[in-house]
Each structure stands twice: as C-alpha cells, then as structure tokens.
Amino acid sequence: MIPWDDGTRIAGAPFGFAGWTRCVMRVLAMAAIIFGLMGPMVLLRLTGFKAAAQWVVRLACRAVLRVMSLPITCSGSPMSYPGAVVANHCSWLDIFSLNAVQRVLFVAKAEVQAWPLIGLIARSVGTVFIERRASLAVKHRNVVLGYIAKGQRLLFFPEGTSTDGQRVLPFRSTLFAAFLEPEVRESVWVQPVTLNYVAPAGADPRFYGWWGDTDFAPDLFRVLAQPVQGRIEVVFHPPIKATDVASRKDMARRCEQAVRSGLLDTL
C-alpha cells in the first residue's frame, strides 16, 4: 500500500437512469471529438505541421472538458521557451487539463500505450513514451535532446505516479538530467505547474483523484455521471532556467517546492 493511502476509495452513488444517460451521452460526445479530430491531427503531424497538430490537440481537450461540464481556469502564463513543463499527477483527467491550456508533448511510461482509451488518446496527441530501464537511458536522453533542439516543450510527472490530488509526492530527479546537458543548458527552461481539482459541492475532496488500485472504467463513469461538476485550476509558476541550478536534484527540489506551493488546501 502507498504510505499515505489508507485504502479507502471514492464511493460513487448509484447512477440511476439519469446518471447513466448522462454518462452515455458524454462518452459518445467525447468519442466523436477525439476520433473526429484524430485523423487531421495525425495527418498534420506526419506532414510536418506539428504546431498545427498541437493546436488541434488543445482544441480537442478543451472540447472534451466542455462536454464534461468541467470548467478550467488558469493563473500565470505558460512559458514560450523550449525545455520542460513539470506538474503534479492527480488523475486520468490530467492529459486533458494540461493539453487544454498550453502546447506541450507528454512524456509517459511505455505501458501507458496499452491502457484502454487513455493509451489511444496518448498516442494520438504525440506522447513520447519511455521505458524505465537503465539500459535505455542513453537512448531516452538522445530522444529528449532531439525534441529540445526542435524548440519543443516536454511535459512529465516527476512524482512517477498519480495521487488523490491532495498532496505532492517527492519529485524524482532522473528525467531532469537531460535538460541540464551542456549542449542545451544555456537555452532550456523548466516550468513548474500545479494542478488543482476542486470537487463538486459536498463531495469528497479527492473526487477527481485516481490512484492506487482504482480501476479506470468505474472511475471514468463515476466522473461522467456527475450532474454538477467541480472545477480545475491550473497554476503556472515562473520558469526556472537550467543555468540557474547546480544539479538535477536541485532542479527537482525547486520544482517540487513550487508545485507544492500552489496546491489548494481542500481537506
């Protein structure tokens, strides 16, 4: 068991006819958005119009959140520099929330590709998949450096796992190393971002969290069946230049502190 996880999960009330109807209608609308835009998105990416493809991704994610009646607001601004964006990891909703407010490429563990629905969405938005094996470290470093050289911003979750949205776990420093390489260090920045999911009125503060052994499908249906949603707040912190930190561990520590400082106290 995760140290902070007491084993309790969010218990969804029986949906009833209205809840299931709402759930089915939202699933169909989300599918129409995702699959309707997937073709143009992939075509734009394959033909070299990657900026336009990312714009389509952003449009699709905004539309999905609107279908869910889940409003999203921002404070601060996404950076325009190449480098990395790092955020706390709360939910399967993160891919929509973070893509809806900026243009980034996600970095995810390879097994995400096999996840139902989320894997398909992740592949379609151009996610960069990596395997957590020491033997592939050099390969992953070169892949990251290649994206940086093209002026891309890569988004990853340094916690390494999702939480209930009420805390920030210690940041792992490994993935920060590529952004401090001598050949890119002068031109790279890292921007910490805090994701806050505010539960519907009267609901458990962890309502939108997805962690531990929670199954994806029941959690998806529970959120989609909700008649009145809460909201998402995204906090963009000032970006940190790579040359301003001493090491990858220093960068991880500063980013973790920034992300934690933006977390709302909802418990």
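Ser69 sits in the loop between helix 2, residues 50-67, and strand 1, residues 72-75. Keep in mind that this is a predicted model. Ser69 is not a glycine, yet its phi is positive, at about 60°. Is Ser69 buried or exposed? Neither: its relative accessibility is 41%, so Ser69 counts as partly exposed.

One place before it in the sequence is a residue of the core. The largest nonpolar core has 53 residues, and Met68, Trp92, Phe96 and Leu98 are the ones that touch the most other members. What does Met68 meet, if we leave aside neighbours within four places in sequence? The list is Arg26, Met30, Trp92, Leu93, Val223, Leu224 and Gln229. There is also another core, lying apart from this one, with 28 residues. Leu154, Val188, Met251 and Cys255 are among its members. As background, nonpolar side chains in soluble globular proteins tend to be buried together.

Some of the Met68 contacts lead to the next topic, a pair of helices. Helix 1 covers residues 16-46 and helix 6 covers residues 216-225; their axes come within 8 Å and cross at roughly 105°. An angle from 65 to 115 degrees counts as roughly perpendicular, and helix 1 and helix 6 are therefore roughly perpendicular to each other. Which residues meet there? From helix 1 they are Gly19, Trp20, Arg22, Cys23, Arg26, Val27 and Met30, and from helix 6 they are Phe221, Val223, Leu224 and Ala225. Sorted by class, that contact between helix 1 and helix 6 has 8 nonpolar residues, 1 polar residue and 2 charged residues.

Staying with helix 6, how many of its residues are buried? The count is 7 of 10, so the helix is mostly covered. The buried ones are Phe216, Asp219, Leu220, Arg222, Val223, Leu224 and Ala225. Helix 1 is part of what covers them, and so is helix 4, residues 118-124.

Back in helix 1, Cys23 raises the matter of disulfides. The structure holds 0 of them. For Cys23, the nearest cysteine sulfur belongs to Cys61 and is 19 Å away. Cys23 has a relative accessibility of 1%, so it counts as buried. Why does Cys61 have no bond either? The cysteine sulfur closest to that of Cys61 is in Cys74, and because the gap is 13 Å, it is too far for a bond. Cys61 also counts as buried, with a relative accessibility of 4%.

Two more residues, and then I am done. Val128 lies in strand 4, residues 128-130. Val128 is buried, with a relative accessible area of 7%. Outside the residues up to four places away in sequence, Val128 touches Phe106, Val107, Ala108, Val143, Tyr147 and Leu154. Where is Val128 relative to Phe221? The two are 93 residues apart along the chain, and their C-alpha atoms are separated by 27 Å.

The other residue is Leu145, found in helix 5, residues 137-149. Leu145 counts as buried, at 10% relative accessibility. Leu145 and Ala178 are 33 residues apart in sequence, with a C-alpha to C-alpha distance of 6.8 Å. Ala178 is one of the residues that Leu145 touches, together with Glu181, Glu183 and Val184, when residues up to four places away in sequence are not counted.

Definitions and conventions
Residues numbered from 1 in each chain as written. Predicted model: local features only at pLDDT ≥ 70, side-chain atom pairs only at ≥ 80, totals over all residues. Heavy atoms only, no water. Axes fitted to C-alpha atoms, helices over the stretch in contact; angles between N-to-C directions. Helix = DSSP H or I, 4+ residues; strand = E, 2+ residues; numbered from the N terminus. Parallel < 35°, antiparallel > 145°, perpendicular 65-115°, else oblique. Contact = heavy atoms within 4.5 Å. Nonpolar A, V, L, I, M, F, W, Y, C, P; charged D, E, K, R; others polar. Disulfide = S-S within 2.5 Å. Buried < 20%, exposed > 50% of the residue type's maximum accessible area, 1.4 Å probe, protein only. Core = buried A, V, L, I, M, F, W, Y, C linked by side-chain atoms within 4.5 Å.
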